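Welcome, and thank you for taking a look at this one with me. Here are a few notes to read alongside the picture.

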Amino acid sequence: MHYDGTLPDDIFSPFKNLVFTSDEGEPLYFNKLPMRHYDRIQSTMSEGKIYAGSRLRGRIFYHQPTHKRYIKDVDYLDENGKVCVTDHYDLKGRKYAQTSFFHKIGRVMRAYYNEKGQEVITENFITKDIIYNDLENNQIKLFKNIVEFTIFFLEKMGMASQPIYFTSLSHPF
């Protein structure tokens, strides 16, 4: 159900299929990560680190196999070394989502972006609400939980009456 940037093209997920209109692109190699001018990346075959001077500013995690150094997630750290934001990249090199953290709670919200960088879906991990920005119809829809959102997605895709197999063992409803 949840998209982690690695689903095959023929597998459906509302977090992938409602956001992207194209399957074009190539994985984002570590040295192509957009950064501030004075930041630098130090990378090994399994992970990367972003430094601002001598201060660790972020950590880079790679898609499997890690030796190819295609970016999966980038954790940006606050002044205390705690993760404040994680940018998520798919195997097409797109920044498809950004997760925000609050130091006393953990993850708070995740925004999903289309190819143009427009926010399409916002998932609130505290309230469980999901907001869908229907850019085609210039409408915003609010769903109380993942079940309501999934039903909407299935109806929109014309799959509500078709047999469907869910693999949600790691994220039960």
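1. A word on terms before we begin: two strands count as paired if DSSP finds at least two bridges between them. Please also keep in mind that this is a predicted model.

2. With that in hand, start at strand 1, which covers residues 39-43, and strand 2, which covers residues 47-52: the two pair in the antiparallel sense through 5 bridges. To find your way along this pairing, look for aspartate 39, whose bridge partner in strand 2 is alanine 52. The two strands form a hairpin, with 3 residues lying between them.

3. Next, follow the chain onward to strand 3, residues 55-62. Strand 2 and strand 3 also run antiparallel, and 6 bridges join them. A handy landmark here is isoleucine 50, which stands opposite glycine 58 in strand 3.

4. What lies between strand 2 and strand 3? These strands form a hairpin with 2 residues between them. In the turn you will meet glycine 53, which has a positive phi of about 70 degrees.

5. Now let us move to another part of the chain, where glutamine 139 belongs to strand 10, residues 139-143. Is glutamine 139 buried, exposed or partly exposed? Its relative accessible area is 40%, so glutamine 139 is partly exposed, since that class lies between the 20% and 50% cut-offs.

6. Finally, the surroundings of glutamine 139. Leaving aside residues up to four places away in sequence, glutamine 139 touches Tyr132, Asn133 and Asp134. Its side chain also makes a polar contact with the side chain of lysine 141, at 3.3 Å.

Notes:
Residues numbered from 1 in each chain as written. Predicted model: local features only at pLDDT ≥ 70, side-chain atom pairs only at ≥ 80, totals over all residues. Heavy atoms only, no water. Helix = DSSP H or I, 4+ residues; strand = E, 2+ residues; numbered from the N terminus. Buried < 20%, exposed > 50% of the residue type's maximum accessible area, 1.4 Å probe, protein only. Contact = heavy atoms within 4.5 Å. Polar contact = N/O pair within 3.5 Å; in protein donor to acceptor, adjacent residues only side chain to side chain.
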